[in-house]
Amino acid sequence: MFQSGIPYHETGTFKSRRTFLPDDQYGVALDNLVKGCTDILLLNPSGTHIFTGRRCVQPQPDWWFMGGRMFPGETPIESGQRLLKRELGLDITKDRFDVVCAQAFAFGMREQEPKEHGTTDAQFCYKVQLLNDDEVQKVVLDENEYSETEWKTPDEIIAGNYHPALKFAVGNMLAGNVLKEMETLEEKDGGGGGSDAEMAALAREFMKKRRDVDEVLKTAKDYKLVSKELNYETTVNSKY
């Protein structure tokens, strides 16, 4: 994504009145509202692998992002900070969040009754790169929600049987990495750094990776979600 970040616009003075909803009331809310979510591609210190967890609960009982629901009054990054602290015990400063992409989801199933009503989400996706082994050691997920975890390379995710949303985000991250290289090169020597040939090469690489992202949607039908724990199988229809 070419944006430097995702702006948060507070018009007037907003005060959150968030309160706990019993499952039956939350189910009605899910039937009528699209949830805002902050999800994170969590990278190892070298930036070569992405942490993924295989969920064993609805929705999306398969390999997925870290993250979850936003609270009213939170910026997307503040939401990401809270979620990484709650789920993994990680204290991540705001400057370590790099925006990746935005997506929308509709899931045919959910954890709350009636499960077959499903749920819908709007996602803000960021990447966060861990700094050291101490942070890596904290990355352990709740066994009640995740059956297994793995550090995967971007190429593994792009080529494997993973949800198109995960592939789309990884593809955008790779394209964004090249765009960042272009920005770094241009900023050298006080601006205007790098030769035209260097910039042209990076621009071509960026455009290729940008086209690769669109290819993800064309192959979305190839993905099959199979959850043995829940005896559940389904496919995905992706579109712009």
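What is the volume of the largest pocket? It is about 1,300 Å³, and the legends below start there before moving on to other close-ups of this predicted model.

**View 1. The largest pocket, with a volume of about 1,300 Å³.** Start at the centre of this pocket: of the 47 residues that line it, Tyr26, Lys35, Gly68, Arg69 and Gln112 are the closest to that point. Now look outward to the elements that give two or more residues to the lining, which are α1 (23-32), β1 (35-43), β4 (66-69), α2 (76-88), β5 and β6 (119-129). Sorted by class, the lining has 22 nonpolar, 16 charged and 9 polar residues.

**View 2. The second largest pocket, which holds about 540 Å³ of space.** Here 24 residues make up the lining, and Ala104, His163, Val236, Asn237 and Ser238 lie nearest the centre. Three elements, β5, α5 (164-187) and β9 (232-235), each supply at least two lining residues. Strand β5 gives the most, with 5 residues. By class, this lining has 14 nonpolar, 9 polar and 1 charged residues.

**View 3. Trp64 and Phe107, one of the aromatic pairs.** A search of the whole structure finds 7 aromatic pairs. In the pair shown here, the ring centres of Trp64 and Phe107 are 6.0 Å apart and the planes meet at 75°, so the arrangement is edge-to-face, a term used for angles over 60 degrees. Trp64 belongs to strand β3 (residues 63-64) and Phe107 to strand β5 (residues 98-107), so this pair ties together parts that are 43 residues apart in sequence. Trp64 has a relative accessible area of 8%, so this residue counts as buried. Phe107 is buried as well, at 12% relative accessibility.

**View 4. An aromatic cluster around Phe107.** Phe107 also pairs with Phe105, and this time the rings are tilted, with 5.7 Å from centre to centre and 55° between the planes. Both of these phenylalanines are buried. Widen the view a little and you can pick out one aromatic cluster formed by Trp64, Phe65, Phe105 and Phe107.

**View 5. Two charged side chains over aromatic faces.** Arg82 lies over the face of Phe71, at 3.6 Å from the ring centre. In a second example, Lys152 lies over the face of Trp63, at 3.9 Å from the ring centre.

**View 6. Glu148 and its contacts.** Which strand holds Glu148? This glutamate is found in strand β7 (residues 146-152). With a relative accessible area of 34%, Glu148 is partly exposed. Setting aside residues up to four places away in sequence, Glu148 touches Thr52, Gly53, Arg54 and Trp63. For a sense of scale, the C-alpha atoms of Glu148 and Gly67 are separated by 16 Å, and these two residues are 81 residues apart along the chain.

**View 7. Thr52, a contact of Glu148.** Is Thr52 buried or exposed? Thr52 is buried, with a relative accessible area of 1%, and this threonine lies in strand β2 (residues 50-55). Leaving out neighbours within four places in sequence, Thr52 is in contact with Trp63, Trp64, Met66, Glu148, Thr149, Glu150, Lys152, Ile157 and Leu166. Some names on that list will be familiar from earlier views: Trp64 is part of the aromatic cluster, and Lys152 lies over the face of Trp63.

Terms used:
Residues numbered from 1 in each chain as written. Predicted model: local features only at pLDDT ≥ 70, side-chain atom pairs only at ≥ 80, totals over all residues. Heavy atoms only, no water. Phe/Tyr/Trp six-rings, centres within 6.5 Å; stacked < 30°, edge-to-face > 60°. Helix = DSSP H or I, 4+ residues; strand = E, 2+ residues; numbered from the N terminus. Buried < 20%, exposed > 50% of the residue type's maximum accessible area, 1.4 Å probe, protein only. Lys NZ or Arg CZ within 6 Å of the ring centre and 35° of its normal. 1 Å grid on protein atoms, 1.4 Å probe; cavity = no way out; pocket = protein on both sides within 12 Å on 5 of 7 lines; lining within 4 Å. Points joined across faces, edges and corners; volume = space filled by probe spheres on them. Nonpolar A, V, L, I, M, F, W, Y, C, P; charged D, E, K, R; others polar. Contact = heavy atoms within 4.5 Å.
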